[in-house]
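Here is a walk through a two-chain model, written for someone who would rather look than compute. Have the sequence and the 3D view open as you read.

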Amino acid sequence: MDKTDERELEDFVDKIMDETILESPSSNFTDTIMSQIVETEMKASIEYKPLMPKSVLVFLCIVLVGLTGYLASDYSLDNETWFGNGQVDLFFERILAWPQILSSSKITMYAVLFFGLLFLIQIPWLKRYFDNSWMLR
Amino acid sequence: MTTVFWLRLHFYDKKRKLCNLGVCFGVQCAMTTNKETNLIQKIRDGNTHAFSELVDAYKNLVYTLTYRMLGSREEAEEVSQDTFIKIFKSLPHFKGDSKLSTWIYKVAYNTCLDRIKQNKRNKTFVDIDHVKDVAFVSMNNALDKMLQEERKELIKRCLNLLPSNDVGLLTLFYFEEQNLAEMEKTLDIPVSTIKVQLFRARKKFAKVLEENLEKEIFQNYG
């Protein structure tokens, strides 16, 4: 095909395409899409999203179990009379008396206080988060 | 620049009896309009009603493209719906560096290609290696003699007989008002390649039209 033929072809197709009409989807097309979108939005809004990632939770669990184990280390599981002869109280006394055990180290005490402070700082942040995600929806 | 685009759209609107494309008025060419930007912002802010405006504005264009590429009304409706859901989900990532319509066509075109790939089928194969002389004058005369409705029906049938890529390309070319730069953005193909593909698509269309026109004439007068 030379240039003239190409031009002729182009003009011909232009003319033909000019006559084409737009197709229309079904009358409830927009409604169907909107209902799907609302459904997706609803799913997204009620979907459970943990505040902390799983790895952090696992780490905290390990720390908790480790700390409990450390504090109770005087009453090891090898001791068969552990629960048998009234030493359960001693076990819990030791667990609950952990601040006294650690009081020898000032750094540890400051660390605990600092942790408490950070926890308190989080409270307004958490409140705002819950307000936004639940109450205002 | 702004006025030209407005006039072209207005003309297109009237000629094709398009749905309300008011979102495109008052544009800075090749970018999103202020109205479009406002609409997008509303949707991003969670106003789902604003999205229904966008759907109403583009549904016929998207549906026409998908119907021509897929050749089935049911499938086209399904793919068009998927397209709009994708658009809704991706709208927060739309940067506005192309026209909103171009971006919408891109999503629609790619969703169609995905569906075609998924179905592992293409509509037809049209051999154009042996097409040399197409008698445009006689074809024009024959088409002119046909009733308008018959002619439109024949053109629609022939478009449906074209391979998906070709009919998609031709449709986009006219939707994008023959703007190759916009098509480049839609298809992610260089302009030079688009020109070659368009030429081949036109050739195939002319061939299919010629064959079907002969059949039509033979049936009516033979």
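What follows takes the two chains in turn, then where they meet, then a few spots in chain B.

First, the ground rules. This is a predicted model, where local features need pLDDT of at least 70 and side-chain atom pairs count only at pLDDT 80 or more, while totals for chains, interfaces and linings use all residues. Residues are numbered from 1 along each chain as its sequence is written, and chains are lettered from A and ligands numbered from 1 in the order in which they are written.

**The two chains**

Helices here are DSSP runs of H or I with at least four residues, strands are E runs of at least two, and both are numbered from the N terminus. A residue is buried if 20 or more other C-beta atoms lie within 10 Å of its own, exposed if 12 or fewer, and partly exposed in between, with C-beta atoms placed from the backbone.

| Chain | Helices and strands | Residues | Buried |
|---|---|---|---|
| Chain A | six helices, zero strands | 137 residues | 4% |
| Chain B | ten helices, zero strands | 222 residues | 34% |

How sure is the predictor about chain A? On pLDDT, the predictor's confidence in each residue from 0 to 100, chain A has a mean of 78, and 74% of its residues reach 70 or more. Among the elements of chain A, helix α3 (residues 54-71) has the highest mean, 87, and helix α5 (residues 98-102) the lowest, 62. Where pLDDT is low, the predicted coordinates should not be read in detail.

An unreviewed UniProt entry lists residues 51-72 and 107-126 of chain A under "transmembrane region". UniProt positions are given in the numbering used here, feature names are shortened, and annotations may be inferred rather than shown by experiment. In the model, residues 107-126 of chain A are 100% helix and 0% strand, with end C-alpha atoms 28 Å apart.

**Where the chains meet**

Two residues are in contact if their C-beta atoms, placed from the backbone, lie within 7 Å. By that rule, 25 residues of chain A are in contact with 34 residues of chain B. On the chain A side, α1 (3-18) and α2 (29-46) each supply at least two residues, and α2(A) gives the most, with nine. By class, the chain A side has 13 nonpolar, six polar and six charged residues. Here Ala, Val, Leu, Ile, Met, Phe, Trp, Tyr, Cys and Pro count as nonpolar, Asp, Glu, Lys and Arg as charged, and the others, Gly among them, as polar.

**A closer look at chain B**

Among contacts in chain B between residues at least 6 apart in sequence, 70% join residues at least 24 apart. Thr102(B), in helix α5 (residues 100-119) of chain B, is a handy example. Thr102(B) counts as buried because it has 21 C-beta neighbours inside 10 Å. Beyond its neighbours within four places in sequence, Thr102(B) is in contact with Glu176(B), Glu182(B), Lys185(B) and Thr186(B).

Is helix α8 of chain B mostly covered or not? Ten of the twelve residues of α8(B) are buried, including Leu169(B), Leu170(B) and Phe173(B). Just after α8(B), Glu177(B) takes a positive phi of about 55°.

Asp188(B) also has a positive phi, near 60°, in a residue other than glycine. Asp188(B) sits in the loop between α9 (180-187) and α10 (191-221) of chain B. Asp188(B) is exposed because just 10 other C-beta atoms lie within 10 Å.
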